[in-house]
Amino acid sequence: MESKVKEQQSIPTSKVQRAAKFISTGAKVGSNYMKHYAKKVVNPSMTKEELHTNNATDIYNSLSELKGSALKVAQMMSMDKNILPRAYQDKFTMAQYSAPPLSYPLVVKTFQKYFGKSPEQIYDTFTRSAVNAASIGQVHQAIQNGKKLAVKIQYPGVADSVSSDLKLVRPFALRLLNMNEKELDHYMAEVEEKLLEETDYVLEVQRSKEISSACSHIEDLVFPTYYENLSSDRIITMDWIEGKHIKEWLETNPTQEQKNRIGQALWDFYHHQVHNLMQVHADPHPGNFIIQNNDKLGIIDFGCVKVIPEDFYKGYFSLIKRELLINEDELNEIFYGLEFISDKDTAEEKVYFKNIFKDMISLLGKPFHVETFDFADNSYFEQIFQLGDRISNDKMFRKSRQARGSRHGLYINRTYFGIYNLLNQLEANIVTTKPEWLK
Amino acid sequence: MEKAPAKKTAKVDQKTKIITGYVEYVLEHGKQPASVFKFAKELKMKEEEFYTYFTSFESIKSAVWAKLFDDTIENLESQEVYKEYSAREKFLGFLFTLVEELKKNRSYLLSLYGGNKGIKNILPTEAKTFRHKFKDFANEIILEGKETEEIASRPIISDRYDEALWLQVWFVFQFWIKDSSPSFEKTDAAIEKSVNLAFDLMGKSAIDSFIDFAKFLYQNK
């Protein structure tokens with residue numbers, strides 16, 4: 001994918017076509033397993049790594065051709081690094097950057113449908129091919145009155161195919177995430193809701209404006225201006241944010257001080273959203289952040305915003321209080337509230353899962369337990385991965401037919417994993433602020 | 001079809017009047033008139049006068065199709081960027097615009113071609129003029145595509161490319177008639193997909209290299 005992005009060859013849209021796509025992937029994955037075991041007969045030292053790499057390639061190829069929500073799921077799985085084998089991760093991380101573009105006549109048609117004008121009539125200049133691909137749309141660059149704009153256009157039919165896509169992804173998710181069906185359905189509803197929201201560009205513009213104005217006081221942050229009169233159901237026009245993605249920026253060898261500054265801006269941004277606004281930009285993948293020349297952090301794409309319910313907020317964040325890990329009764333109450341354990345569990349299961357979650361929480365809450373936390377510390381992340389591996393390979397855990405954790409946790413967890421990962425990439429040392437009531 | 005502003009300018013626009021009258025009749029009754037006699041009467045016209053313009057209802061339908069094509073091309077050429085399009089994009093643009101034109105007449109087209117009735121047998125007769133016009137247009141695109149090497153020249157098959165594109169127009173039409181997605185987004189995707197496939201097939205591909213190689217081996221064995 002590093003090579004030139006291929007012009008859109010085909011977007012399979014009907015359910016049958018999409019299903020066919022998945023079936024062919026399934027067949028390939030199956031044959032990868034066969035190859036693997038065949039090779040293993042000859043060469044017993046072969047590891048599963050290679051198998052995972054092959055599978056990841058095939059699955060990724062299929063998902064990126066499908067675009068839309070399937071790609072979104074790929075992105076999401078790549079976020080939760082600790083539940084995917086390494087080979088899958090690397091392949092999926094690529095999904096966060098590129099997907100093949102749509103033809104220009106279709107772009108023109110979309111404009112004509114919503115504005116009755118072609119892009120050339122609206123803007124002074126407009127790039128014929130996409131400069132960037134988002135998961136459910138593509139971005140063109142335009143200039144109007146000397147101002148550089150980013151114009152995001154949604155692929156047709158994406159909103160329609162969300163539900164059927166998720167049904168198709170299900171068997172793969174089951175296989176990849178090692179979840180049982182009940183557990184998966186528990187979360188799928190949440191994912192579907194969020195994905196449908198993401199296809200609603202009118203809502204996105206509204207939320208972008210809301211959150212960016214509510215966060216405008218935070219230092220070192222930059223938000224694009226959104227132009228409502230040039231936006232519609234399928235098109236969003238906003239300022240072009242000049243700068244580099246985190247990976248590229250790091251190649252310019254910024255100083256530790258610069259890295260801390262960017263990292264702190266990121267932390268403050270999320271702190272304010274989670275604890276004061278109670279709604280959060282829940283898509284912290286690297287493509288959504290742009291670092292400008294003056295070391296300010298630009299934030300784009302408010303497609304995925306999670307509103308945090310009050311009850312959930314209280315329970316979830318009181319867990320990160322340090323001394324809470326000792327107070328048994330309070331802990332039980334919260335675990336019940338967050339649906340980590342329920343009355344359906346046996347006594348043995350209750351003890352087992354309580355211990356697991358305690359381990360997880362004390363580990364994940366670590367940055368909150370200190371004044372400043374050094375996210376460059378790879379051993380911390382190694383610990384998280386190890387815990388994830390250990391848990392998902394544990395018989396007791398896999399045997400459980402129970403869905404664990406509130407559905408709201410899905411996006412909040414994803415958000416925090418995302419931030420942690422970004423901060424780790426940045427190797428930033430952060431003043432981990434926390435709200436008054438948690439101190 | 002615009003509403004006829006023609007009523008008073010008489011003679012010249014009798015033809016348009018008949019076409020508009022026919023379309024309106026179909027729209028209101030959901031089927032075509034019982035006979036030319038009845039239809040002419042409704043238009044306050046003598047039957048023999050009708051025949052100076054059209055010989056049958058089929059020829060009116062054919063004229064409607066021709067007009068759809070002309071409107072499409074007119075609309076297409078009014079888009080400035082059209083001239084800069086590659087062959088593939090031109091054909092995409094044509095289909096997208098055609099669907100827009102069809103949309104303006106969806107009820108008419110549905111009452112004549114909706115369901116599965118008749119969709120097969122209008123191919124030879126009613127769409128004849130449309131087809132001729134389209135083929136001229138398609139050949140232009142193909143020629144241009146060959147010049148820019150977007151389309152590979154192959155013996156025998158490449159003479160039939162216009163036919164293939166015509167079948168594609170027909171496929172899109174049928175797809176659109178049955179499409180029930182909001183603002184026909186599925187049709188847009190179908191166009192995008194099928195045109196890309198068609199042009200990928202017509203373009204230089206592995207098959208050409210394969211045939212070339214096979215030929216070489218055959219001649220040199």
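How many of the five residues of β7(A) are buried? Four are, so that this strand is mostly covered. A residue is called buried if 20 or more other C-beta atoms lie within 10 Å of its own, exposed if 12 or fewer, and partly exposed in between, with C-beta atoms placed from the backbone. Strands (E, at least two residues) and helices (H or I, at least four) are DSSP runs, numbered from the N terminus.

The model is predicted: local features need pLDDT of at least 70, side-chain atom pairs count only at pLDDT 80 or more, and totals for chains, interfaces and linings use all residues. Residues are numbered from 1 along each chain as its sequence is written, while chains are lettered from A and ligands numbered from 1 in the order in which they are written.

Chain A holds 17 helices and 13 strands. Of its 439 residues, 36% are buried. Contacts in chain A also reach far along the sequence. Among those between residues at least 6 apart, 70% join residues at least 24 apart. Here two residues are in contact if their C-beta atoms, placed from the backbone, lie within 7 Å.

Strand β7 of chain A spans residues 235-239 and runs antiparallel to β4(A), with five bridges joining the two. Two strands are said to pair if DSSP finds at least two bridges between them. A:K152 stands opposite A:I236 in β7(A). A:I153 faces A:I235 in the β7(A) strand. Strand β6 (residues 226-227) of chain A also pairs with β7(A), in the antiparallel sense and over two bridges. There, A:Y227 has A:T237 as its bridge partner in β7(A).

Strand β4 (residues 147-154) of chain A has a further partner in β3 (residues 137-144) of chain A. Eight bridges link β3 and β4 of chain A, again in the antiparallel sense. A:G137 is matched with A:Q154 in β4(A). The hairpin of β3(A) and β4(A) has two residues between the strands, and A:N145 takes a positive phi near 50° in this hairpin. Strands of a sheet pair through backbone hydrogen bonds, either parallel or antiparallel.

An open sheet of three strands, with mixed pairing, follows the order β5-β10-β9 in chain A. Strands β5 (221-222) and β9 (289-291) of chain A stand at the edges with a single partner strand each, so one side of each is left without a neighbour in the sheet. Strand β10 (residues 297-299) of chain A is joined to β9(A) by three bridges, and the two run antiparallel. A:F289 lies opposite A:I299 in β10(A). Helix α11 (residues 256-277) of chain A packs on the sheet and touches β5, β9 and β10 of chain A. Its direction makes about 40° with that of β10(A). Axes are lines fitted to C-alpha atoms, for helices over the stretch in contact, and angles run from 0 to 180 degrees between N-to-C directions.

The two chains meet through 18 residues of chain B and 18 residues of chain A. On the chain B side, α5 and α9 (185-202) each supply at least two residues. The largest share, nine residues, comes from α9(B). By class, this side of chain B has five nonpolar, five polar and eight charged residues. Ala, Val, Leu, Ile, Met, Phe, Trp, Tyr, Cys and Pro count as nonpolar, Asp, Glu, Lys and Arg as charged, and the others, Gly among them, as polar.

The largest nonpolar core has 66 residues. Such a core is a set of buried Ala, Val, Leu, Ile, Met, Phe, Trp, Tyr and Cys residues joined through C-beta atoms within 7 Å. A:V107, B:F91 and B:L92 are among the members that touch the most others. Helix α5 (residues 87-104) of chain B gives the most to this core, with eight residues. Domain 1 (7-53) and domain 2 (61-204) of chain B both give residues to the core, so it lies between them; the bounds come from an automatic or database domain assignment. Beyond four places in sequence, B:L92 touches A:S103, A:P105, A:L106, B:I191, B:E192 and B:V195. A second, separate core of 22 residues includes A:W267 and A:F373.

B:I60 lies in helix α4 (residues 57-78) of chain B. B:I60 counts as buried because it has 24 C-beta neighbours inside 10 Å. Leaving aside neighbours within four places in sequence, B:I60 is in contact with B:I18, B:I19, B:Y22 and B:F54.
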